[in-house]
Amino acid sequence: MLSRLPFLSPGIAALLTGIIIAARMDYAYELGLVCISLLGMTFIMLATYYFNEYYDFEGDAINRRFTKFSGGSRAIPDLKVPRPVARIAGWSSIIVLLVVCITYLALYFQDYPLLLPLALFGAFCGVFYTSPPFQWAYTGIGEVVIGGCYGVLTVVSGFYLASGELNIDMVFIALPASLTIFGVIMANEFPDYDADKSVNKRNIVVRLGPAKAAWVYAAAMVLAYPLMVASVVIGVSATIAVLGLPVLLLSVFAAVTALKGGHSNPKMQTGMGAATLIANLLSSLTFALAFPMGVL
């Protein structure tokens, strides 16, 4: 419950997208490196979630408007897990990451030297999302940090670990995932607005207020599909326009719901959260299907 396992899916989907694209381009990837990278990515996310549970405790404890997607796991406020367990789990995840890094240094560093700084940057952003002294989520840049990490950084890293090359076109391919994971974070902030405001968690929704923030959320969601279609200019198959239609439908549904006041309606907030999360997964994985072999 504390691990929030379903929410590991956005990061894993983005990393697999980069890996699958490289594979479809006939790169001879190292299966062992792929496996330990997926393991490392998983424990970066777990460390992030565990520390979030620990440092968000004050706001989660007073939150009475949470949904299935917001307000944390509820394991600590509902007294199912003692609060210190979250911190111990966070540091335990860091220890596992160190083991993964040592394995990588021993076996793969020489051929893939840039993977370590990419991973360390992702871990730095994730661990300090709510942890002092940076606490990105409390300063109004947490949504942007997560958008960059779960989208651009992860897809680029996935392609690199499978190909040994940094490809600037992967940044363009990752932008829809960055926008929709930005939307996932914002969708979860709407129901948590009162609790976040009371503990001075100055995220975008708290800073702008739900009504204005709904426009930011809607813009991010609606932009995802046009960017997916625009990727044809870098060699993605035109079938992306058809394959990406579920992303368009989910994004429009979420955006319209928010702009019509759904951002303050508990049932509609849950629908927004579900639609945004599914749109995020599809906005990355769809490229694995639409990417023709032998391009770029």
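These exercises work through helices, salt bridges, backbone outliers and buried residues in one structure.

The model is predicted: local features need pLDDT of at least 70, side-chain atom pairs count only at pLDDT 80 or more, and totals for chains, interfaces and linings use all residues. Residues are numbered from 1 along each chain as its sequence is written, and side-chain values use heavy atoms, with hydrogens and water left out.

**Exercise 1. Classify the packing of H1 against H13.**

Step 1. Locate the helices. H1 covers residues 9–24 and H13 covers residues 266–290. Helices are DSSP runs (H or I, at least four residues; strands are E, at least two), numbered from the N terminus.

Step 2. Take the geometry. The two axes come within 8 Å and cross at roughly 10 degrees. Axes are lines fitted to C-alpha atoms, for helices over the stretch in contact, and angles run from 0 to 180 degrees between N-to-C directions.

Step 3. Assign the class. The crossing angle makes H1 roughly parallel to H13. The classes are roughly parallel under 35 degrees, roughly antiparallel over 145, roughly perpendicular from 65 to 115, and oblique for the rest.

Step 4. List partners. On the H1 side, the residues include Ala13, Thr17, Ile20 and Arg24. On the H13 side, they include Leu277, Leu281, Ser284 and Phe287. Contact means heavy atoms within 4.5 Å.

**Exercise 2. Find the salt bridges and place their residues as buried or exposed.**

Step 1. Apply the criterion. A salt bridge is a side-chain nitrogen of Lys or Arg within 4 Å of a carboxyl oxygen of Asp or Glu. The structure holds two.

Step 2. Take Lys201 and Asp56. Their side chains meet at 3.1 Å, N to O. The pair links distant parts of the chain, 145 residues apart. Lys201 sits in the loop between H8 (193–198) and H9 (204–208), and Asp56 in the loop between H2 (31–55) and H3 (57–62).

Step 3. Check the burial of this pair. Buried means under 20% relative accessible area, exposed over 50%, and partly exposed in between (1.4 Å probe, protein chains only). Lys201 has 11% and is buried. Asp56 is also at 11% and counts as buried.

Step 4. Take Arg65 and Asp194. Their N to O distance is 3.7 Å. This pair also joins distant parts of the chain, 129 residues apart: Arg65 in the loop between H3 and H4 (83–107), Asp194 in helix H8. Arg65 is partly exposed at 34%. Asp194 is partly exposed at 43%.

**Exercise 3. Inspect the loop between H5 and H6.**

Step 1. Set the limits. The loop joins H5 (115–127) to H6 (142–163) and contains Phe134. Pro133 lies there too.

Step 2. Check omega. A cis peptide bond joins Pro132 and Pro133, with omega about 5 degrees.

Step 3. Look at the surface. Phe134 has a relative accessible area of 35% and is partly exposed. Together, Phe121, Phe124 and Phe134 make a nonpolar patch of about 280 Å². Patch residues have over 30% relative accessible area and no salt bridge; like charges are joined within 9 Å, nonpolar side chains (Val, Leu, Ile, Met, Phe, Trp, Tyr) within 5 Å. Areas come from the Shrake-Rupley method with a 1.4 Å probe; for residues, only the protein chains shown count as cover.

**Exercise 4. Compare the settings of two non-glycine residues with positive phi, Asp26 and Arg74.**

Step 1. Take Asp26. Its phi is about 70 degrees. It lies in the loop between H1 and H2. At 58% relative accessible area, Asp26 is exposed.

Step 2. Take Arg74. Its phi is near 70 degrees. It lies in the loop between H3 and H4. At 6% relative accessible area, Arg74 is buried.

**Exercise 5. Which residues surround Ala279, Val206 and Val127, leaving aside neighbours within four places in sequence?**

Step 1. Ala279 is in helix H13. It is buried, with 0% relative accessible area. Its contacts are Thr180, Met221, Val247, Leu250 and Ser251.

Step 2. Val206 is in helix H9. It is buried at 8%. It contacts Tyr193, Asp196, Lys197 and Lys201.

Step 3. Val127 is in helix H5. It is buried at 14%. Its contacts are Ala47, Thr48, Phe51 and Ile94.

Step 4. Add a distance. The C-alpha atoms of Val127 and Gly90 are separated by 8.6 Å, with their positions 37 residues apart along the chain.
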